[in-house]
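Here are some notes to help you find your way around a structure you have not met before. Keep the view open as you read, and take the points in order.

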Amino acid sequence: MGQPSSLLIVAIDGGAASGKSSTARSLAACFPLLHVDTGAHYRAITAEMLRRGVAYSDPAAVASALQQFTLGTRVSGSAAALEINGRIPGDEIRSPEVNTAVSHFAALPSVRSTLLHYQRAQADVAQKHGFRGLVMEGRDIGSVIFPDADLRFFLHADPGERARRRAEQGQQDSVAERDRLDSSRKTAPLTIPAGAIAIDSTHLTLEEVVSKVAALVEEKLAKHSR
Ligand code: CDP
């Protein structure tokens with residue numbers, strides 16, 4: 001898959017509000033690994049399309065807008081952020097409008113193939129910045145982006161618990177509807193990849209999830225450095 005052999009790649013996939021981001025962020029800080037939130041990439045592209053008045057129902061317009069985007073990466077601490085034409089989109093990526101539109105944009109092959117190349121290249125960014133590895137979270141990381149990742153996790157939790165977590169963050173978000181769209185799309189649907197380690201976080205605290213994942217990462221890193 002073209003990933004640098006000395007770099008540890010950890011993939012964390014899961015449905016909306018399954019705890020991926022909090023887990024990946026804590027894990028990245030522990031080791032340190034470069035943290036890449038691919039949901040933020042789809043959200044940033046969606047926010048930029050909405051800003052330009054481009055509709056997901058017009059795939060040709062989306063493809064032509066993508067041609068005008070130069071994608072870059074800014075690393076701060078252990079987090080990598082997507083820049084579009086030199087700008088990192090702000091809080092608008094968590095707006096109700098983006099929550100509603102993101103799964104529709106994410107289903108378009110032009111959007112997915114643009115981000116597939118960008119996301120695979122994050123391994124080089126991690127290498128260049130001297131990280132021991134990369135933790136990438138999303139929906140298709142262990143299935144499509146890095147199917148040969150050293151560790152692939154799939155987080156899930158009861159839909160009721162996930163809706164509760166999102167509401168607790170003060171967000172208006174239809175978690176179940178996004179899961180339905182993400183699981184049923186043709187290109188890179190949300191799925192548990194064969195061989196992934198599934199963790200049900202419904203009754204676990206964040207610390208419990210992180211310690212399970214971190215123990216396995218620690219083991220792999222020890223083997224890697226031998
Ligand atoms: O944080 P939350 O789990 O609610 O969602 P997110 O990770 O921010 O992802 C937002 C949306 O981006 C998802 O509902 C998917 O439609 C899309 N996405 C995707 O298609 N593939 C990925 N690898 C990551 C996100």
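1. A word on terms comes before anything else: a residue is called buried when its relative accessible area is under 20%, exposed when that value is over 50%, and partly exposed in between. Please also keep in mind that this is a predicted model.

2. Let us try those terms on His41, which sits in helix H2. Why does His41 count as buried? Its relative accessibility is 2%, and the cut-off for buried is under 20%. Leaving out residues up to four places away in sequence, His41 touches Val36, Leu82, Leu115, Tyr118 and Gln119.

3. Now for the nonpolar interior. The largest nonpolar core has 23 residues, and those with the most contacts inside it are Ile45, Met49, Val62, Leu66 and Val111. Two or more residues each come from helix H2 (38–51), helix H3 (59–67), strand S4 (79–84), helix H4 (96–106) and helix H5 (109–120). Which of these elements gives the most to the core? That is H2, with 6 residues.

4. Leu66 is a good place to look into this core. Not counting residues up to four places away in sequence, Leu66 touches Ile45, Met49, Ser110, Val111 and Thr114. A second core, separate from this one, has 18 residues, including Phe31, Leu151, Val213 and Val217.

5. Helix H3 deserves a look of its own. Its buried residues are Val62, Ala65 and Leu66. Viewed down the axis of H3, these buried residues fall within an arc of 105°, so they line one face of the helix. The general background is that an α-helix has 3.6 residues a turn, so residues three or four places apart point the same way. On the face of H3 turned away from the buried side you will find the exposed residues Ala60 and Gln67. H2, H4 and H5 are among what covers the buried residues of H3.

6. Next, please turn to the ligand. How many residues surround the ligand? There are 20, and the closest are Arg43, Arg112, Arg166, Arg178 and Asp182. For Arg112, an N or O atom in the side chain is 2.8 Å from an oxygen atom of the ligand. Lys20 also has a polar side-chain atom 2.8 Å from a ligand oxygen atom. With Ala17 it is a polar backbone atom that lies 3.2 Å from an oxygen atom of the ligand. On its own the ligand has 520 Å² of accessible area, and the protein covers 99% of this.

7. Finally, here is a pair that brings together two distant parts of the sequence. Leu206 and Thr23 are 183 residues apart in sequence, yet 6.8 Å apart in space from C-alpha to C-alpha. Leu206 belongs to helix H10 (residues 206–224), whereas Thr23 lies in helix H1 (residues 20–30).

8. Is each partner in this pair buried or partly exposed? Leu206 counts as partly exposed because its relative accessibility is 34%, while Thr23, at 2%, counts as buried. Setting aside neighbours within four places in sequence, Leu206 is in contact with Ser22, Thr23 and Ser26. By the same rule, Thr23 is in contact with Ile12, Leu155, Leu206, Val209, Val210 and Val213. Val213 is also one of the residues of the second core.

Conventions:
Residues are numbered from 1 along each chain as its sequence is written. This is a predicted model: local features need pLDDT of at least 70, side-chain atom pairs count only at pLDDT 80 or more; totals for chains, interfaces and linings use all residues. Side-chain values use heavy atoms; hydrogens and water are left out. A nonpolar core is a set of buried Ala, Val, Leu, Ile, Met, Phe, Trp, Tyr and Cys residues joined through side-chain atoms within 4.5 Å. Buried means under 20% relative accessible area, exposed over 50%, partly exposed in between (1.4 Å probe, protein chains only). Helices (H or I, at least four residues) and strands (E, at least two) are DSSP runs, numbered from the N terminus. Contact means heavy atoms within 4.5 Å. A residue is near a molecule or strand if one of its heavy atoms lies within 4 Å of it. A polar contact is a pair of N or O atoms within 3.5 Å; within protein, one must be able to donate a hydrogen and the other to accept it, and residues adjacent in sequence count only if both atoms are side-chain atoms. Accessible areas come from the Shrake-Rupley method with a 1.4 Å probe; for residues, only the protein chains shown count as cover. The arc is that of the directions from the helix axis to the C-beta atoms.
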